Amino acid sequence: MPSLSTLSPEQRADLRTTLREEYEALKAQGLKLDMTRGKPASEQLDLAAEMLALPGNRDTTAEDGTDARNYGNLQGLPETRALFAPVLGAPADQIVVANNSSLALMHDVLVYALLKGVPGGEKPWSKQEPITILCPVPGYDRHFALCEGFGIRMIPIPMTGEGPDMDAVEKAVADPAVKGIWCVPQYSNPSGETYSAETVRRLASMNPAAPDFRILWDNAYTVHHLADERPALANILEACAEAGNADRPIIFASTSKVTLAGAGLALLAASPTNVKWYLAQAGRRSIGPDKLNQLRHVRFLRDAAGIAAHMERHRALIGPKFNAVEEAFAARLDGWEVASWSRPLGGYFITLDVTDGTAGEVVRLAGEAGIALTPAGATHPYGKDPHDRTLRIAPTFPSLGAVRKAAEAVALCTLLAAVEKTAG
């Protein structure tokens with residue numbers, strides 16, 4: 001197959017006509033498909049249906065004698081913290097178990113840092129404007145929205161395939177206004193890469209000018225494997241402690257895509273100093289979390305082996321959807337040199353890089369054909385992708401048939417947008 005660049009003007013015009021005809025036929029199908037967010041499908045939620053009967057009306061006492069129906073236990077039940085200790089790579093006494101949203105934990109940590117400051121800092125972040133946080137790109141739009149909502153300046157840092165460009169990170173943190181960095185270290189959202197051991201080491205050992213610098217370690221996909229090959233992620237808590245920077249990382253995770261998305265558990269892990277700091281602030285906001293839900297998770301998942309087995313059932317449901325996207329993209333786009341895409345070993349997303357200057361047009365074309373995609377630019381701070389090329393594809397929520405049809409449509413729109421750009 002010739003690449004687009006090798007076609008004669010006449011061949012390119014013929015291709016454009018053919019693709020336009022295909023596209024009009026696609027629009028005539030009246031599709032309504034949603035590929036915007038990384039939500040679990042109903043079939044995935046059904047995997048945890050047994051939880052709805054737990055813990056049971058006579059099974060509400062925790063291992064330490066706590067009545068889970070009552071107030072208290074702001075840090076979370078001991079058995080719940082122990083259950084997730086291997087997942088977070090932290091001792092149980094350095095874990096906090098909260099209610100369903102890890103995003104809420106991230107929000108609160110930022111608010112507490114802005115209003116109260118963090119251990120090691122001289123004053124609240126809000127008294128040290130302008131505050132800056134480094135944002136690896138492509139990255140997670142909700143991280144960016146938190147920063148933008150609080151007026152925190154963002155600096156994009158390119159991803160390299162092994163995590164953020166550490167040369168750029170180390171250069172940026174020489175500015176004392178840089179207070180932190182967002183990280184999705186395992187199966188990054190949306191690129192799917194896992195940080196290398198060297199990247200983790202450099203994050204842990206670098207010397208930022210700000211003594212209260214924080215690594216916001218959003219390990220959302222640590223158990224969300226899609227393949228037998230499972231890249232190891234170095235333990236950030238251990239790496240920072242060994243480097244003499246134990247208070248640097250704050251780890252976030254949740255069971256939102258493990259059990260019930262709207263009724264999961266949010267998790268935080270950090271140094272003893274950071275945990276004490278967090279609980280001191282959170283204790284003014286809440287008397288305690290939903291401990292019945294914590295018991296429900298312990299009774300259902302049981303242990304690390306139970307979590308792994310449950311996630312294999314998730315893999316069986318969503319793995320074919322990721323394969324369908326890869327097959328559709330390869331069938332339509334291989335050889336044309338107009339796009340590239342990730343082949344993730346885990347996580348919830350596929351990154352599609354289209355021809356520069358056409359991502360917005362691909363989204364528009366897809367939308368007019370009934371396929372909703374995440375807006376172009378969502379993978380970058382302020383919604384501005386300087387190359388207008390990166391799209392996040394979320395294949396988990398629709399049915400397998402809908403995913404296949406949507407991926408074929410996106411591939412068509414990608415090729416059409418590239419042809420029309422070069423023709424114009």
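**Group meeting: packing and backbone details in a predicted model**

I will begin with a loop, and with P138, whose place is between strand β3, residues 132-137, and helix α5, residues 141-149. Before going further I should say that what we have on the screen is a predicted model, and everything I describe this morning should be heard with that in mind. The reason for starting at P138 is the peptide bond that leads into this residue from V137, which is cis in the model, with omega near 0°. There is a second case to put beside that one, since L54 and P55 are also joined by a cis peptide bond, with omega about 0°, and P55 is placed in the loop between α2, residues 42-46, and α3.

Staying in the loop between α2 and α3, we also find N73 there, and this residue has a positive phi of about 55° although it is not a glycine. With a relative accessible area of 25%, N73 is partly exposed, because the partly exposed class lies between the limit of 20% for buried and that of 50% for exposed. R302 also has a positive phi, near 75°, and again the residue is something other than glycine. R302 sits in the loop between α10 and α11, and at a relative accessible area of 64% it is exposed.

That brings me to the helix just before R302, namely α10, which covers residues 291-301. How much of this helix is buried? Nine of its eleven residues are, so α10 is largely enclosed by the rest of the structure. Those of you following along on the sequence may want the names, and the buried residues are K291, N293, Q294, L295, R296, H297, V298, F300 and L301. Among the elements that cover them are helix α3, residues 78-88, strand β2, residues 95-98, and helix α11, residues 304-333.

Helix α11 also holds R315, which, at 18% relative accessibility, counts as buried. If we set aside its neighbours within four places in sequence, R315 is in contact with H225, L226, A227, D228, R230 and P320.

For a second helix with buried residues, let me turn to α7, residues 197-205, where T199, V200, R202, L203 and A204 are buried. These residues pack against two helices, α6 at 166-172 and α8 at 236-242, and against two strands, β5 at 178-183 and β6 at 214-218.

Now to the aromatic side chains, where a search of the whole structure finds six pairs. I will describe two of them, both of which involve Y112. As a reminder, a pair of aromatic rings is described by the distance of the centres and the angle of the planes. Y112 and W277 make an edge-to-face pair, at 6.3 Å centre to centre and with 80° between the planes. Because Y112 lies in helix α4, residues 102-116, and W277 in helix α9, residues 272-282, this pair ties together parts that are 165 residues apart in sequence. Both partners are enclosed, Y112 counting as buried at 10% relative accessibility, and W277 being buried with a relative accessible area of 10%.

The other pair is that of Y112 with Y278, which is tilted, with 5.9 Å from centre to centre and 55° between the planes. Here too distant parts of the chain are linked, with Y112 in helix α4 and Y278 in helix α9, 166 residues apart. Y278 counts as buried as well, at 6% relative accessibility, and Y112, W277 and Y278 together form one aromatic cluster.

My last topic is a helix pair, α12, residues 359-368, and α13, residues 400-423, which pack at an angle of about 130°, with their axes 9 Å apart. How, then, are α12 and α13 oriented to each other? They are oblique, because an angle of 130° falls between the range of 65 to 115 degrees for roughly perpendicular and the limit of 145 above which helices count as roughly antiparallel. Their crossing is right-handed. On the α12 side the residues that meet the partner are E361, V362, L365 and A366, while α13 contributes V410, C413, T414, L416, A417 and E420. Sorted by class, the contact has seven nonpolar, one polar and two charged residues.

Key. Residues are numbered from 1 along each chain as its sequence is written. This is a predicted model: local features need pLDDT of at least 70, side-chain atom pairs count only at pLDDT 80 or more; totals for chains, interfaces and linings use all residues. Side-chain values use heavy atoms; hydrogens and water are left out. Axes are lines fitted to C-alpha atoms, for helices over the stretch in contact, and angles run from 0 to 180 degrees between N-to-C directions. Helices (H or I, at least four residues) and strands (E, at least two) are DSSP runs, numbered from the N terminus. Angles under 35 degrees count as roughly parallel, over 145 as roughly antiparallel, 65 to 115 as roughly perpendicular and the rest as oblique. A crossing is left-handed if the near helix is turned anticlockwise from the far one by less than a right angle, and right-handed if clockwise. Contact means heavy atoms within 4.5 Å. Ala, Val, Leu, Ile, Met, Phe, Trp, Tyr, Cys and Pro count as nonpolar, Asp, Glu, Lys and Arg as charged, and the others, Gly among them, as polar. Rings of Phe, Tyr and Trp (its six-membered ring) pair if their centres lie within 6.5 Å; planes under 30 degrees apart count as stacked, over 60 as edge-to-face and the rest as tilted. Buried means under 20% relative accessible area, exposed over 50%, partly exposed in between (1.4 Å probe, protein chains only).
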